[in-house]
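This report looks at two chains, first where they meet and then at one sheet. Please have the sequence and the structure at hand while reading.

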Amino acid sequence: MSEEQKRRRKTEQGSETEAEAPVKTERRNSDQVDKLITEIDEVLEENAEEFVRSYVQKGGQ
Amino acid sequence: MAVPKVMGIETEYGIISRGVEEHNPIFASSLLINSYVSPRLKRVRWDYEEETPLRDARGAFQRAGLDFLDDDGGLVSVILENGARYYVDHAHPEYSTPECSNARDLVIHDKAGERILAGSLATAARSLPSGVQILLYKNNSDGKGNSYGCHENYLMSRATPFSNIVSQLTPFLVTRQVYTGAGKVGSEGSGADKQVQYQLSQRADFFEVEVGLETTFKRPLINTRDEPHADPEKYRRLHVILGDANMSEISTFLKTGTTALVLSMIEDNFITSDLRIAGPVSAFQTISRDPTCKSRVLLSDGRTVTAVDLQWEYLDWAKKYLADQDVDGVTAEVVGRWEETLGALETDPMSLARQLDWVAKYRMIEAYQERKGLEWGDPKLSLIDLQYHDIRIDRGVYYKLVESGQMDTLVSEQEIADAVSEPPHDTRAYFRGKALSRFASQITAASWDAVIFDTGADALQKVPMMEPLKGTKATVGRLMESARDAADLVEQIRA
């Protein structure tokens, strides 16, 4: 079996495992992402446009 | 036989002051270092005597770019007890890790550098007027065409022809960004393209030539600086300048671990196939601008391949190379993770969101965009890009991902905390760091390859360290603990 085929086989097995409980996983991921987005909003500067514009660096190496 | 791959990373951090009329980056960078470093370490000078940043590995001593280099003579530069150098360079605070013998130690010391910079922010904040704040970002671009570097250094044999390094390393460096990229919203510089929403690499927009000496303009894929900081007859120090500064420990681990392995193969003349890319500079950009990782680039032999294809070829060579060697645990982990990563990149790059910077950032930005209904080009997305690199654990988006269990790490927080003050035990950084922590008051200057003591004798006593793997805990550990003072130490070393 070539390296290429071995890799393919491994990948196919991988996707089967992931497919076991898609609905449950999706919901959990979605809750996690919502929570994270709330946290990210807390650390972002309020005026995004002004802050991004003011972030200017002298070039370096 | 390839020389051991002693290596280090030097990172220029992005810096900005808030609440001041005019941000002076040199002043702010100096303030950070001065407020963090204790007076006993500050009085030890960095010894520039051995520095020759204009020496060219291709042989000529090039004069071009003289005005852009060596301008940091008068700026703050200190050596820390962990053997690192912390200094102001090109209007940025810069941290050079101590020399490490393997990729895992380098991850620990790269992260220790982040903690030291974050600690500096906290101590400097106490002396700043209210409303004034300094912020730091471990990234490589301001999004407006200005870039600052994260350079890797690898010890190599002087005997390896530089032309072999150029031909065999370039294809590897151009394609490794599929796992080393830190991710960037948009594009910038002379090749800026509004169609580019997101790209893998922070740095790819800034490279213009294949080989050269410069680091601040006309940046080359392969840098020819020939400044070994070690025995110049035996060694060179390969200065890799095209990499991104990584937040992800796994990206740093893969970046340095795979590069070290490829360099060993080049030294041992092991790679016999021609993997050269026709037009590597444009390929670097093409690959960066395709988050699907499916773009094909033309090789000199007429084949067209993806970046991942070319990485498989290097991995296959590496596996053959290691087949009849005793493989240490770190190298085995590098190879294992390299293979898993390439497999995942081939099927679904987004499945690497827990491991790689560019994927984690991309996924986060897409999710944010979707929830808030934002278009690409919205400044909020650029702000998330920037905030990903904030090194404060309670503010950085990368650290939010780690904290919420959505990003894998490789080393423990305790190992990182230890490395803030403890040098690696198995390189000359051990001698430098321990000499500093015990005898700082009797050291006048130090550099990568020497420590200069003032023992009270008429002349200053220079202890050269031209061998990066000498001066380790195994050989001088007992002496470093038992020496009564610097005079005793120097005397016993010379005995």
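Two residues are taken to be in contact if their C-beta atoms, placed from the backbone, lie within 7 Å. The model discussed here is a predicted one.

## Chain A and its contact with chain B

The secondary structure of chain A consists of three helices and zero strands, and its elements follow the order α-α-α from the N terminus on. Of the 61 residues in chain A, 10% are buried, a class that requires 20 or more other C-beta atoms within 10 Å of the residue's own.

Between the two chains, 25 residues of chain A are in contact with 36 residues of chain B. On the side of chain A that touches chain B, the elements giving two or more residues are α1 (3-18), α2 (22-43) and α3 (48-54) of chain A, and the largest share, eight residues, is that of α2(A). Sorted by class, this side of chain A holds 11 nonpolar, six polar and eight charged residues.

## A four-stranded sheet in chain B

Chain B contains an open sheet of four strands with mixed pairing, in the order β3-β16-β17-β18. Because β3 and β18 (461-464) of chain B each have a single partner strand, they stand at the edges, and one side of each is left without a neighbour in the sheet.

The parallel part of the pairing lies between strand β3 (residues 45-46) of chain B and strand β16 (residues 443-447) of chain B, which are linked over two bridges; here B:Arg45 has B:Ala445 of β16(B) as its bridge partner.

## Antiparallel pairs and the hairpin

Strand β16(B) also runs antiparallel to strand β17 (residues 450-453) of chain B, to which four bridges join it, and B:Ile443 is matched in β17(B) by its bridge partner B:Phe453. The connection from β16(B) to β17(B) is a hairpin through two residues.

Strand β17(B) is in turn joined by four bridges to β18(B), again in the antiparallel sense. In β18(B), the residue that stands opposite B:Phe453 is B:Gln461, while in the pairing of β17(B) with β16(B) B:Phe453 is the bridge partner of B:Ile443.

## The helix on the sheet

Which strands of the sheet does helix α14 (residues 429-439) of chain B touch? Helix α14(B) packs on the sheet by touching β16 and β17 of chain B, and its direction makes about 160 degrees with that of β16(B). These two strands are the ones that the hairpin joins.

Key
Residues are numbered from 1 along each chain as its sequence is written. Chains are lettered from A and ligands numbered from 1 in the order in which they are written. This is a predicted model: local features need pLDDT of at least 70, side-chain atom pairs count only at pLDDT 80 or more; totals for chains, interfaces and linings use all residues. Ala, Val, Leu, Ile, Met, Phe, Trp, Tyr, Cys and Pro count as nonpolar, Asp, Glu, Lys and Arg as charged, and the others, Gly among them, as polar. Two strands pair if DSSP finds at least two bridges between them. Axes are lines fitted to C-alpha atoms, for helices over the stretch in contact, and angles run from 0 to 180 degrees between N-to-C directions. A residue is buried if 20 or more other C-beta atoms lie within 10 Å of its own, exposed if 12 or fewer, and partly exposed in between; C-beta atoms are placed from the backbone.
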